[in-house]
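Please read the sequence and the model shown here, then follow the notes below.

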Amino acid sequence: MHTVDIIVGMLGSTIRLSIPLIFTALAGLFSERSGIFDIGLEGKMLASAFASAVVAYYTGSPWLGLLGGIGVSIIFSLVHGYASITARGNQIVSGVALNFVAAGLTVVLGNAWFRQGGRTPQLANSARFTEIEFPGADAAREMGFFGKFYAEVISGQNILVYLAFITVPIVWWVVYKTRFGLRLRAVGENPGAVDTAGISVIWLRYRAIIIAGFLCGFSGTYLAIAQSASFINNMSAGKGYIALAALIFAKWKPIPVMFACLLFGFLDAFSNFMQGKSMPLVGEVPVQFFQALPYILTCVLLAGFIGTARPPKAGGIPYTKER
Amino acid sequence: MNAANAPLPGWVTFFLMPLLNLGTALLISGFVIWMIGQNPFEALSVLLNGALGSGMGIGFTLFYATNFIFTGLSVAMAYHAGLFNIGSEGQAYVGGLGCALVALALDQYVPWYVTMPFAILGAAIFGAAWAFIPAWLQAKRGSHIVITTIMFNFIGAALMVYLLVHVLKPAGAMSPETRGFAAGGQLPNLDWLMAMFGSRLGPAPLNVSFIIGLVMCFAVWFLIWRTKFGYSVRALGMSKTAATYAGIPYARTVIITMLMSGGLAGMMALNVVMGSADRLQVEFVGGAGFVGIAVSLMGRNHPLGILMAAILFGILYQGGAQLSFMMPQITRDMIVMIQGLVILFAGALEFLYRPALVRIFSRRQSLAEA
């Protein structure tokens with residue numbers, strides 16, 4: 001294989017592996033910036049993956065599948081919101097619980113409806129988000145590195161990939177340039193001040209977690225009906241937690257979130273590529289090392305060795321209006 | 001008076017509320033069972049019968065409960081210092097390494113009762129070591145312990161898979177696990193305990209770890225409520241600033257508490273690694289660390305409560321296994337979901353019924369006074 005092929009192939013799979021992380025980490029950003037810890041990203045992703053696969057199977061439309069995924073993800077978000085905003089329960093416990101519920105419920109329902117051990121039936125290509133070929137991609141493939149890059153990285157991705165990269169600047173704009181964004185950042189730092197200004201802390205936080213559910217719906221849908229053609233047991237496989245790590249690694253900021261997700265996606269792609277191969281000087285590096293690397297990097301960052309990561313001050317604390 | 005902090009009788013807080021929460025979780029589970037076309041009442045009876053209907057069922061129930069006692073105590077220990085340790089899962093996993101290394105070194109030379117104390121130490125030290133870095137980061141660098149312990153769960157899982165696949169697996173073996181332990185590395189079953197009640201344990205792996213778990217319940221209670229160190233832990237949990245002002249060293253207390261928490265989680269490995277599987281296997285913890293969070297919350301962070309909550313989850317586990325056997329439509333995943341609902345209602349939504357209960361009981365009180 002040519003070096004160019006390897007590099008382009010790796011970049012392509014980096015993009016594909018980063019997309020669910022980007023959506024999920026941006027979802028976490030809204031939730032955590034409003035002061036609600038969200039360990040349940042993983043569960044939301046899984047539940048929406050299942051819902052999108054089921055809806056796409058019955059309707060034959062990927063867009064309705066996406067809608068189903070978003071709907072279920074928002075329902076999970078609202079349960080989390082009810083527990084942590086209205087009932088003032090422990091946000092971490094609520095997230096852990098929802099992850100358990102999603103892991104169990106998806107397989108139980110899948111098994112009862114389709115009898116394939118929790119899997120959903122294989123989808124036809126018309127019910128999926130398939131690759132979009134850009135004009136001139138075929139011709140460009142033969143034209144050196146940039147041509148190949150255009151043909152296999154820029155072109156030939158599904159619509160959700162492009163949506164993810166459009167979402168990043170939109171999120172940046174919402175968080176930093178709108179009134180809602182200002183209030184969102186304020187409520188995660190000092191809800192008391194927001195309340196004093198006459199703005200409802202509760203409604204603001206509910207809106208934040210609904211947006212989180214909305215974005216998680218995209219990542220779950222991407223897993224089930226864009227990257228693959230059916231729902232598989234536990235197909236999120238810890239990606240929700242990696243996204244959480246990426247969010248922290250990016251210090252809760254939208255543009256860095258994208259780069260952190262691309263970095264973690266690249267590590268994933270690189271470890272797939274390196275499986276069974278040996279590196280110069282160090283020999284064969286175990287695949288587990290690459291799997292652990294995102295978490296190790298995040299811990300090193302948290303330790304304050306690469307800048308400082310300061311979480312929103314009011315994160316994890318339920319807001320009580322009066323005592 | 002504000003409904004949120006109005007006092008309630010003890011039995012309401014400690015028994016009625018958890019019971020109502022549990023009932024709600026089961027109600028929703030029953031609804032899901034009904035939705036997939038099965039009879040929820042039959043399922044409940046199969047579940048209870050499977051968990052408590054025979055000596056073997058009880059043996060399995062208590063075996064699972066033993067796991068949750070250790071992880072529940074681990075979470076509670078940290079919680080008293082105001083620390084939220086969700087890394088019990090990883091600490092138990094790494095604790096298994098300490099336990100297995102001791103068993104592999106000694107099993108062919110000495111009887112189990114010589115191996116056991118070293119295995120307890122090994123499991124506790126390795127579990128504690130895995131809690132040390134998050135604890136140090138929290139104490140010295142202010143990194144949020146919730147986040148670092150999550151990260152360490154994953155780092156631990158990767159480390160253990162690597163060690164099992166590349167280092168500990170005997171040459172030529174297929175599955176990623178250590179060799180089986182000889183008799184000196186196996187904890188004996190508690191047949192005699194069952195015989196005392198005129199029942200038989202059968203193949204259930206209930207073992208000496210259960211008794212160690214009970215001892216640790218007492219030890220944790222004594223440590224938290226009857227020692228100077230326990231006092232400083234609780235003071236820290238109430239208010240960091242007040243505790244620091246009173247001269248309690250923050251960093252040292254945090255680190256020692258987390259080491260104990262990690263050690264307790266690590267000791268869970270004894271029950272599975274030496275008590276049942278007799279080898280170290282991939283993913284042997286199987287979520288017990290996360291269930292520990294629910295157990296600790298439901299048990300109001302008190303060892304007695306933890307013991308009861310652990311038995312409850314033991315019933316769910318064993319009953320669930322029986323359920324998937326007797327009613328094949330209801331797979332083990334149903335139990336994962338029921339666990340999730342129990343954690344949700346007993347943990348995150350624990351005060352769901354509190355306002356209503358306050359209304360009921362304050363009215364009764366005012367009537368009694370009039």
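In this predicted model, 77% of the contacts in chain B between residues at least 6 apart in sequence join residues at least 24 apart. The secondary structure of chain B consists of 15 helices and 0 strands. Some overall values for chain B follow.

| Property of chain B | Value |
|---|---|
| Box filled by the C-alpha atoms, along the principal axes | roughly 75 × 60 × 40 Å |
| Share of the 370 residues that count as buried | 57% |
| Exposed area | about 15500 Å² |
| Share of the exposed area from carbon and sulfur atoms | 68% |

The radius of gyration of chain B is 22 Å, which agrees with the value near 21 Å for a compact globule with 370 residues.

In chain A, helix α3 covers residues 62-86. Because each residue should add 1.5 Å, the 25 residues of this helix should span 36 Å, and the 34 Å between its end C-alpha atoms agrees with that. At the start of α3(A), a side-chain oxygen of A:Ser61 comes to within 3.2 Å of the backbone nitrogen of A:Trp63. After α3(A) comes A:Arg88, with a positive phi near 50°.

A second helix of chain A, α12 (residues 254-274), contains A:Ala269. Is A:Ala269 buried or exposed? Its relative accessibility is 3%, so A:Ala269 counts as buried, the cut-off being under 20%. Leaving aside residues up to four places away in sequence, A:Ala269 touches A:Met10, A:Ser13, A:Thr14 and A:Leu17. A:Gly9 lies 260 residues from A:Ala269 along the chain, yet their C-alpha atoms are separated by 9.4 Å.

Definitions and conventions. Residues numbered from 1 in each chain as written. Chains lettered and ligands numbered in written order. Predicted model: local features only at pLDDT ≥ 70, side-chain atom pairs only at ≥ 80, totals over all residues. Heavy atoms only, no water. Helix = DSSP H or I, 4+ residues; strand = E, 2+ residues; numbered from the N terminus. Expected span 1.5 Å × (residues − 1). Polar contact = N/O pair within 3.5 Å; in protein donor to acceptor, adjacent residues only side chain to side chain. Rg over C-alpha atoms; globule rule 2.2 N^0.38 Å. Buried < 20%, exposed > 50% of the residue type's maximum accessible area, 1.4 Å probe, protein only. Contact = heavy atoms within 4.5 Å. Areas by Shrake-Rupley, 256 points an atom, 1.4 Å probe, with all protein chains shown as cover.
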